[in-house]
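Please open the model in your viewer and keep the selection panel at hand. The stops below move from aromatic rings to a charged side chain and then to the cysteines.

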Amino acid sequence: MPAMQTLKQYFREQFTLFLFVSVLFVVGVVFGAVMVNALSLEQKQELGRYLSSFYRTIEDGAQVDGKQSMLAAFSLHMKWILLIWTLGLSVIGLPLILVLDFLKGVLIGFSVGFMVGQLSWKGIAFALVSIAPPNLIVVPAILICSVVSISFSLFIIKNRLVRRSGTIYHPFMRYSGVTLAMGVCMLGAALLEAFLSPTMMKWVTPMLAAFAN
């Protein structure tokens, strides 16, 4: 209980930083959605053909190796938060963490924006079952990792480079502990991505049959 209270207090103290990275992520989502309109006709057609092929694969009932998909998704998510963790260990990594948050928003915004642009309301339905479930866990986990990474980097600047005082052990252990906890969350996201999302996509694929054909 004391550990949970300490963690809650920490997050309350970092509310402004949470708000900042969240807004940066949302700006990235909007930017990614707008980027869809900047694609040339040839690029849209090529991506459309890829999307159509993907739908046909699902409609034909192709079997997906759930374990392999889960491992691949988990590996990707862990690389993302480990990169953030590594950047937080250095002062120069702080702006790069913000870039990663913005980039994550761009990737999600572009994916959803392209689906909606190609399929209208059907694209929204497909995005809700394919992109939304794992990202309900992935996005908060990445934002939390970003906040603790930025906070730790600022601690280093303030207490090791400016004042040269204070111990780094406890802040580092808290920093690493939160990152490890987010890694466990990423495992849950990978399970959703590998087993739940494909099943839900098969449910909505019949609505997209006209587009796939």
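In this predicted model, begin by selecting Trp-85, Phe-152, Phe-155, Phe-172 and Tyr-175, which ring pairs link into a cluster. The structure as a whole holds seven aromatic pairs.

Within that cluster, select Phe-152 together with Phe-155, a stacked aromatic pair whose centres are 6.4 Å apart, with 25° between the planes. Both residues belong to helix H7, residues 132-162, where they are three residues apart and thus separated by about one helical turn. Phe-152 is buried, at a relative accessible area of 4%.

Keep Phe-152 selected and add Phe-172: the ring centres are 6.1 Å apart and the planes stand at 55°, so this pair is tilted. Because Phe-152 lies in helix H7 and Phe-172 in helix H8, residues 169-204, the pair ties together parts that are 20 residues apart in sequence. Phe-172 is partly exposed, with a relative accessible area of 29%.

Next, select Trp-80 and Lys-104, where the charged end of Lys-104 sits over the ring of Trp-80, 5.0 Å from the centre of that ring.

Turn finally to the cysteines: how many disulfides does a search of the whole structure find? The search finds zero. Select Cys-145, which is in no disulfide, and the nearest cysteine sulfur proves to be that of Cys-185, 8.7 Å away, whereas a disulfide would need the two sulfur atoms within 2.5 Å. Cys-145 is buried, with a relative accessible area of 1%, while Cys-185 is partly exposed, with a relative accessible area of 31%.

Conventions:
Residues are numbered from 1 along each chain as its sequence is written. This is a predicted model: local features need pLDDT of at least 70, side-chain atom pairs count only at pLDDT 80 or more; totals for chains, interfaces and linings use all residues. Side-chain values use heavy atoms; hydrogens and water are left out. Buried means under 20% relative accessible area, exposed over 50%, partly exposed in between (1.4 Å probe, protein chains only). Rings of Phe, Tyr and Trp (its six-membered ring) pair if their centres lie within 6.5 Å; planes under 30 degrees apart count as stacked, over 60 as edge-to-face and the rest as tilted. Helices (H or I, at least four residues) and strands (E, at least two) are DSSP runs, numbered from the N terminus. A charge sits over a ring if NZ of Lys or CZ of Arg is within 6 Å of the ring centre and within 35 degrees of the ring normal.
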